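Colleague: I'm new to this one, and I'd love a close look at a single part of it, the sheet. Could you walk me through how its strands are put together and what sits around them?

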Amino acid sequence: MKVKNINGTSANICKCGTWLEHWKKFSNQHLPGSCPVANCTQKPEVGAHVQKDSSTDSSWYIVPFCKAHNAEKGKSLFISDSITLVSANVSITCGK
């Protein structure tokens, strides 16, 4: 799956404490052993804000990324299809 890392989202907050905790709570998945970006072996340490690339869906999602890939704002990245995209819209997740 191809996603774009969104720039300018660091001010967004949720009730989960961190965006990585948000992903853990709402993905129903275990944290992967490595960053889901293709060929990355680093540990996922943050919940990154992404959008589906080349899609009519402009929603924001959270996925676990290593710090290096999270720093690549605006870049399109291929991630594992097995990773669940969790909505970053707190009004339908932790803000209910």
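Modeller: Reading from the N terminus, the elements follow the order β-α-β-β-α-β-β. Do keep in mind as we go that this is a predicted model. In total there are two helices and five strands. The radius of gyration is 12 Å, close to the 12 Å that the globule rule gives for 96 residues, so the protein is as compact as a globular protein of that length. Along the principal axes, its C-alpha atoms fill a box of roughly 35 × 30 × 25 Å.

Now to the sheet itself. The five strands make up an open sheet, and going across it you meet them in the order E4-E1-E2-E3-E5, with antiparallel pairing. At the edges lie E4 and E5 (86-87), each of which pairs on one side only.

Let's start with E1, which covers residues 2-5. On one side, E1 is joined by three bridges to E4 (residues 76-78), and the two run antiparallel. On the other side, three bridges tie E1 to E2 (residues 46-52), again antiparallel. Lys4 is a handy residue for seeing both pairings: its bridge partner in E4 is Ser76, while in E2 it stands opposite Gln51. Next to it in the chain, Val3 has Lys52 as its bridge partner in E2.

The side chains of E1 are worth a look too, as they alternate along the strand. Val3 and Asn5 point to one face and are buried, whereas Lys2 and Lys4 point to the other face and are not buried.

Moving across the sheet, E2 is joined to E3 (residues 61-65) by five bridges, and these strands also run antiparallel. One pair to find here is Val50, which stands opposite Tyr61 of E3.

What packs on this sheet? Helix H1 (residues 19-27) does, touching E2, E3 and E5. The direction of H1 makes about 110° with that of E3.

You may also spot some cysteines as you look around, and it is natural to ask about disulfides. As background, a disulfide is a covalent bond between the sulfur atoms of two cysteines. A search of the whole structure turns up zero of them. Cys35 is in no disulfide, and its nearest cysteine sulfur, belonging to Cys66, is 3.9 Å away. Cys66 is in no disulfide either, with the sulfur of Cys40 as its nearest, 3.8 Å away. For a sulfur pair to count as a disulfide, the two atoms must be within 2.5 Å. Are these two residues buried or exposed? Cys35 has 3% relative accessibility and so counts as buried. Cys66, with a relative accessible area of 2%, is buried as well.

Finally, stepping back to the whole protein, 41% of its 96 residues count as buried. Its accessible surface comes to about 5500 Å², and carbon and sulfur atoms account for 48% of that. If you take the contacts between residues at least 6 apart in sequence, 64% of them join residues at least 24 apart.

Technical notes: Residues numbered from 1 in each chain as written. Predicted model: local features only at pLDDT ≥ 70, side-chain atom pairs only at ≥ 80, totals over all residues. Heavy atoms only, no water. Pairing = 2+ DSSP bridges. Helix = DSSP H or I, 4+ residues; strand = E, 2+ residues; numbered from the N terminus. Buried < 20%, exposed > 50% of the residue type's maximum accessible area, 1.4 Å probe, protein only. Rg over C-alpha atoms; globule rule 2.2 N^0.38 Å. Contact = heavy atoms within 4.5 Å. Areas by Shrake-Rupley, 256 points an atom, 1.4 Å probe, with all protein chains shown as cover. Axes fitted to C-alpha atoms, helices over the stretch in contact; angles between N-to-C directions.
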